[in-house]
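Subject: Handover of a structure and a summary of its features

Dear colleague,

Please find below the structure that I am passing on to you. My notes on what was found in it follow directly after.

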Amino acid sequence: MLIKIIIGILLIVMIFNLFKAMVIMLKDEPKQPNMSKYIGRRVLTSVAIVVLLLIAIATGLIEPNHRPF
C-alpha cells in the first residue's frame with residue numbers, strides 16, 4: 001500500500017512540474033527560472049517512477065497483471 005501512495009505522490013509532483021513549466025512558458029518573464037528546469041524535474045520524476053515500479057515488481061511488492069484483457 002505504501003508503494004502505491006509513493007507512486008501517486010510522484011505522479012502529482014510530475015503533473016505539478018508540467019503545469020509550472022507551462023505557466024513559465026506563457027508568461028515569458030526574464031526573472032523567472034528557465035522552463036527547462038521544470039521539464040527536467042518532470043523527466044527525473046518519470047524515471048524515478050519507472051525505477052520504483054521495476055524494483056517493486058522485482059521484490060514482489062506489486063504483482064503485474066498476467067492477463068491484459
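Does Gly40 count as buried, partly exposed or exposed? Gly40 counts as partly exposed, because its relative accessibility is 35%. Please bear in mind that this answer, like everything below, refers to a predicted model. Gly40 belongs to helix H2. Its C-alpha atom is separated by 9.7 Å from that of Leu18, a residue 22 places away along the chain.

Overall architecture

The secondary structure of the protein consists of 2 helices and 0 strands. The radius of gyration is 16 Å, whereas the globule rule gives 11 Å for 69 residues; the computed value is well over that figure, so the protein is more spread out than a compact globule. The C-alpha trace spans about 50 × 25 × 15 Å along the principal axes. Of the 69 residues in the protein, 14% are buried. If one considers contacts between residues at least 6 apart in sequence, 61% of them join residues at least 24 apart.

The two helices

Two packed helices are described by the angle between their axes and the distance between the axes. Helix H1 covers residues 2-27 and helix H2 covers residues 35-59. Their axes come within 8 Å and cross at roughly 165°. An angle over 145 degrees counts as roughly antiparallel, and H1 and H2 are therefore roughly antiparallel to each other. The crossing of H1 and H2 is left-handed. Sorted by class, the residues in the contact of H1 with H2 are 18 nonpolar, 3 polar and 3 charged.

Two buried residues, Thr45 and Asn17

Which residues does Thr45 contact, leaving aside its neighbours within four places in sequence? They are Leu10, Val13, Met14 and Asn17. Thr45 lies in helix H2 and has a relative accessible area of 9%, so it is buried.

Asn17, for its part, is placed in helix H1. Asn17 is also buried, because its relative accessible area is 5%. With its neighbours within four places in sequence left aside, Asn17 is in contact with Tyr38, Arg41, Arg42 and Thr45. The pair Asn17 and Thr45 thus appears in both contact lists, with Asn17 in H1 and Thr45 in H2.

The loop

Asn34 is found in the loop between H1 and H2. Is Asn34 buried or exposed? Asn34 is exposed, because its relative accessible area is 55% and the term applies to values over 50%. The C-alpha atoms of Asn34 and Ile24 are separated by 7.6 Å, and these two residues are 10 apart along the chain.

When you open the model, you may wish to begin with the crossing of H1 and H2, then turn to Thr45 and its contacts, and finally to Asn34 in the loop.

Yours sincerely

Key. Residues are numbered from 1 along each chain as its sequence is written. This is a predicted model: local features need pLDDT of at least 70, side-chain atom pairs count only at pLDDT 80 or more; totals for chains, interfaces and linings use all residues. Side-chain values use heavy atoms; hydrogens and water are left out. Axes are lines fitted to C-alpha atoms, for helices over the stretch in contact, and angles run from 0 to 180 degrees between N-to-C directions. Helices (H or I, at least four residues) and strands (E, at least two) are DSSP runs, numbered from the N terminus. Angles under 35 degrees count as roughly parallel, over 145 as roughly antiparallel, 65 to 115 as roughly perpendicular and the rest as oblique. A crossing is left-handed if the near helix is turned anticlockwise from the far one by less than a right angle, and right-handed if clockwise. Ala, Val, Leu, Ile, Met, Phe, Trp, Tyr, Cys and Pro count as nonpolar, Asp, Glu, Lys and Arg as charged, and the others, Gly among them, as polar. Buried means under 20% relative accessible area, exposed over 50%, partly exposed in between (1.4 Å probe, protein chains only). Contact means heavy atoms within 4.5 Å. The radius of gyration is taken over C-alpha atoms; the globule rule is 2.2 Å times the number of residues to the power 0.38.
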